[in-house]
Amino acid sequence: MTDNPEDNESAPGGNKADGVAKHHDNAVQHALVEAQKQILQFLRRRLGDRDAADEVLQRFSLRALERASQLHDVRMVRGWLGRILATTIVDHQREGARRRRREVVIDQTEVDNLPVDEELDAAICNCLYRILPTLKAEYADIIWRADILGEPRDRVAASLGTSLNNVTVRLHRGRQALRKRLEEMCRTCPVHGFLDCHCEKAEQLRKAFAEAKAKTVP
C-alpha cells in the first residue's frame with residue numbers, strides 16, 4: 001500500500017485516482033475473501049463436514065463482529081481471534097453431543113484453558129497474513145511485532161528510533177484499522193465474493209448481526 005501523492009493525480013482524459021482506488025479496493029476485497037477461505041478450509045479439515053464448517057464459520061464471523069469493539073483492549077490479536085474460533089468449535093461440538101443425547105458439560109474454565117492448538121493457530125496466522133498487508137505499512141508492522149509476535153513496545157520503539165508513546169498511539173490506530181478490516185472480512189462470502197453477496201448464508205449472517213446489534217442498543 002502507498003500514500004504517494006502521485007497516485008492521487010488525475011490523468012488527462014480519465015481519473016487516475018479513481019483507477020488506483022478501484023485497484024486497491026479490489027485487492028483488499030480479494031485478500032478478505034481469501035482470509036475467509038483460509039479459515040473455512042481449516043474448519044472443513046477439522047470437522048470433516050462441509051455444512052458443519054459453513055455453520056461454524058458463520059458463527060465465528062458473527063461473534064467476531066459482535067466482539068470487534070474489544071480489539072483495542074486485547075494484547076494479542078492472534079490469541080483474540082483464536083479464542084473466538086476455538087470456543088465456536090467447542091460450542092458446535094457440544095451442541096452436536098446434545099443432539100445425540102450424550103450431554104457434555106464444558107464450563108468456561110475449561111474453555112479458557114484449552115490447550116494450544118497448533119493447527120488452529122496456523123489457520124489464524126494465515127488469515128492475518130492476508131489481512132495485514134491491506135493496512136498501512138506502519139500499522140501492519142507495529143501490529144505484527146507488538147500484537148502477534150509479542151515484542152515489548154519499548155524494544156519496538158528503540159528499533160524504530162521513536163518514543164514509547166508514539167508506538168502506543170500507532171498501535172492503537174493500527175488496531176482500529178485492523179478492527180475495520182476484520183468487520184469487513186466477517187461480512188464476506190468465501191464462495192460468492194464480497195459484501196454484495198446475497199446467498200442464503202450471507203443473508204443469514206446479515207440478519208443475525210442486525211439482531212445482535214439491535215439488542216445492544218438501549
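How many helices and strands does the secondary structure of the chain come to? Nine helices and zero strands is the tally, and the model shown here is a predicted one.

**View 1. The whole chain, read from the N terminus.**
Start at the N terminus and the elements go α-α-α-α-α-α-α-α-α. The chain has 218 residues, and 39% of them are buried. Take the contacts with a separation of 6 or more: residues 24 or more positions apart account for 66% of those. As for the outside, the accessible surface comes to about 12800 Å², with 48% of that belonging to carbon and sulfur atoms. The structure also holds 13 salt bridges, and the next few views pick out some of them.

**View 2. Glu34 and Lys37, a pair in helix H1.**
Here's a salt bridge between Glu34 and Lys37, whose closest N and O atoms sit 3.4 Å apart. Both residues belong to helix H1 (residues 16-47), and they are three residues apart, about one turn of the helix. How do the two partners compare in their cover? Glu34 counts as buried because its relative accessibility is 18%, under the 20% cut-off. Lys37, at 30% relative accessibility, counts as partly exposed.

**View 3. Glu55 and Arg59, a pair in helix H2.**
Move along to helix H2 (residues 50-66) and you'll find Glu55 and Arg59, four residues apart, again about one turn of the helix. Their side chains meet in a salt bridge, 3.1 Å from N to O. Glu55 is partly exposed, with a relative accessible area of 28%. Arg59 counts as partly exposed too, at 25% relative accessibility.

**View 4. Arg63 and Asp91, a link from H2 to H3.**
This salt bridge joins the side chains of Arg63 and Asp91, at 2.7 Å from N to O. The pair ties together distant parts of the chain: Arg63 is in helix H2, while Asp91 is in helix H3 (residues 77-99), 28 residues apart. Are these two partners buried or exposed? Arg63 is buried, with a relative accessible area of 17%, and Asp91 is buried as well, at 15%. Elsewhere, Arg45, Arg46 and Glu119 are joined into one network by salt bridges that share partners.

**View 5. Helix H7 crossing helix H8.**
At what angle do the axes of H7 and H8 cross? The answer is roughly 105°, and the axes of helix H7 (residues 153-160) and helix H8 (residues 164-185) come within 9 Å. The two helices are therefore roughly perpendicular to each other, since angles of 65 to 115 degrees count that way. On the H7 side, look for Arg153, Asp154, Val156, Ala157 and Leu160. They meet Leu164, Val167, Thr168, Arg170, Leu171 and Arg175 in H8. Sort the residues of this contact by type and you get six nonpolar, one polar and four charged.

**View 6. Ala140 and its surroundings in helix H6.**
Last stop: Ala140, which sits in helix H6 (residues 137-148). Ala140 counts as buried because its relative accessibility is 14%, under the 20% cut-off. Which residues is Ala140 in contact with, leaving aside its neighbours within four places in sequence? Those are Leu132 and Leu135. For another landmark, try Leu128, which lies 12 residues from Ala140 along the chain. The C-alpha atoms of Ala140 and Leu128 are separated by 9.9 Å.

Notes:
Residues are numbered from 1 along each chain as its sequence is written. This is a predicted model: local features need pLDDT of at least 70, side-chain atom pairs count only at pLDDT 80 or more; totals for chains, interfaces and linings use all residues. Side-chain values use heavy atoms; hydrogens and water are left out. Buried means under 20% relative accessible area, exposed over 50%, partly exposed in between (1.4 Å probe, protein chains only). Contact means heavy atoms within 4.5 Å. Accessible areas come from the Shrake-Rupley method with a 1.4 Å probe; for residues, only the protein chains shown count as cover. A salt bridge is a side-chain nitrogen of Lys or Arg within 4 Å of a carboxyl oxygen of Asp or Glu. Axes are lines fitted to C-alpha atoms, for helices over the stretch in contact, and angles run from 0 to 180 degrees between N-to-C directions. Angles under 35 degrees count as roughly parallel, over 145 as roughly antiparallel, 65 to 115 as roughly perpendicular and the rest as oblique. Ala, Val, Leu, Ile, Met, Phe, Trp, Tyr, Cys and Pro count as nonpolar, Asp, Glu, Lys and Arg as charged, and the others, Gly among them, as polar.
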